[in-house]
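Here is my note on the side-chain contacts, point by point. Please keep the structure open while you read.

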Amino acid sequence: MRILPSISITTRFILLNTQHNENVGAAARAIKTMGFNDLTLVKPHDLKVLHRQKVIQRASGAMDVLTNAQTYSTLDDAVDGFNVVCGTGMPFDMYQTRLEREYVEPRIYFDGLISNVIANKYSTDDTNDRHQHSNSIRLALVFGSEKTGMTESDMDTCHVMLGIPTNPQFGSLNLAAAVQLIAYDWRVAIGGFEVHSSYQ
């Protein structure tokens, strides 16, 4: 397990224009299993989504995540105060309908981010670049709508676009599954949980 120096880390998972209510509950469960608790919605299709019984059922014990979830009307408001904003999407286009962007594998990007922050924490460099020279990480992870993904404007708000390596012939992930994978990679990068096993 990676042991980080005293770096402050805050993580927010943002769902944009979510269409299917159950995905919100499943996403809440996904981030809680990885030790995170900040779920934020931007213009969900159903404004009462957090109180729907099916959503609570899909959260499967992550009720605290739903209770504390916030809702915003714009992505800019949701990422206010965060110094690293990562969008997500498919790194290739199965249907020739998505915007072309350069994507970075999450694990590679996260490892580089942590390494840079550790190096800069003890550096005498006085540069005030909020992304590269900060002793804290306030990371926002943004997930687009199930049907259309992230818009070009949404992508422009982000510092980087992350793409999960998947089957080029069938790479479309369920929203909650994508949240789970990204949450896992980030958890490993900042210090994963130990597996307690009786095997030697």
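1. R52 is partly exposed, with a relative accessible area of 36%. Keep in mind that this value comes from a predicted model. The side chain of R52 meets that of D46 in a salt bridge, 2.8 Å from N to O. D46 is the buried partner, with a relative accessible area of 13%. D46 falls in the buried class because that class takes in values under 20%.

2. How many salt bridges does the count come to? The count is 4. The pair of D46 and R52 is one of them. Two others are taken up in the next points.

3. D185 and R107 also meet through their side chains in a salt bridge, here at 2.7 Å from N to O. The two residues sit in distant parts of the chain, 78 residues apart. D185 belongs to helix 7 (residues 175-191), and R107 belongs to helix 5 (residues 106-121). D185 is buried at 12% relative accessible area. R107 is partly exposed at 41%.

4. D64 and K32 form a salt bridge as well, with their closest N and O atoms 2.9 Å apart. This pair again links distant parts of the chain: D64 lies in helix 3 (residues 63-68) and K32 in helix 1 (residues 21-33), 32 residues apart. Are these two residues buried or partly exposed? D64 is partly exposed, with a relative accessible area of 35%. K32 is partly exposed too, at 36% relative accessibility.

5. Now the rings. The whole structure holds 4 aromatic pairs. One of them joins F13 and F143. Their centres are 6.4 Å apart, and their planes make an angle of 15°. The pair counts as stacked because the planes are under 30 degrees apart. F13 is in strand 1 (residues 8-16) and F143 is in strand 5 (residues 136-143), with their positions 130 residues apart in the chain.

6. Where do these two rings stand on accessibility? F13 is buried, and its relative accessible area is 0%. F143 is also counted as buried, at 2% relative accessibility. Both values fall in the buried class, so both are under 20%. F13 and F143 share one aromatic cluster with F36.

7. Which residue lies over the face of F36? R187 does, at 4.6 Å from the ring centre. F36 thus has two entries in this note: the aromatic cluster with F13 and F143, and the charge of R187 over its face.

8. A second arginine is placed over a ring. R138 lies over the face of F82, at 4.5 Å from the ring centre.

9. Last, T74. Where is T74 found? T74 is in the loop between strand 3 (70-72) and helix 4 (75-78). T74 is partly exposed, with a relative accessible area of 32%. The side chain of T74 makes a polar contact of 3.1 Å with the side chain of D77. T74 and L41 are 33 residues apart in sequence, and their C-alpha atoms are 9.4 Å apart in space.

10. To sum up the salt bridges in points 1 and 3: D46 and D185 are buried, whereas R52 and R107 are partly exposed. In point 4, both D64 and K32 are partly exposed.

Note on methods:
Residues are numbered from 1 along each chain as its sequence is written. This is a predicted model: local features need pLDDT of at least 70, side-chain atom pairs count only at pLDDT 80 or more; totals for chains, interfaces and linings use all residues. Side-chain values use heavy atoms; hydrogens and water are left out. Rings of Phe, Tyr and Trp (its six-membered ring) pair if their centres lie within 6.5 Å; planes under 30 degrees apart count as stacked, over 60 as edge-to-face and the rest as tilted. Helices (H or I, at least four residues) and strands (E, at least two) are DSSP runs, numbered from the N terminus. Buried means under 20% relative accessible area, exposed over 50%, partly exposed in between (1.4 Å probe, protein chains only). A charge sits over a ring if NZ of Lys or CZ of Arg is within 6 Å of the ring centre and within 35 degrees of the ring normal. A polar contact is a pair of N or O atoms within 3.5 Å; within protein, one must be able to donate a hydrogen and the other to accept it, and residues adjacent in sequence count only if both atoms are side-chain atoms.
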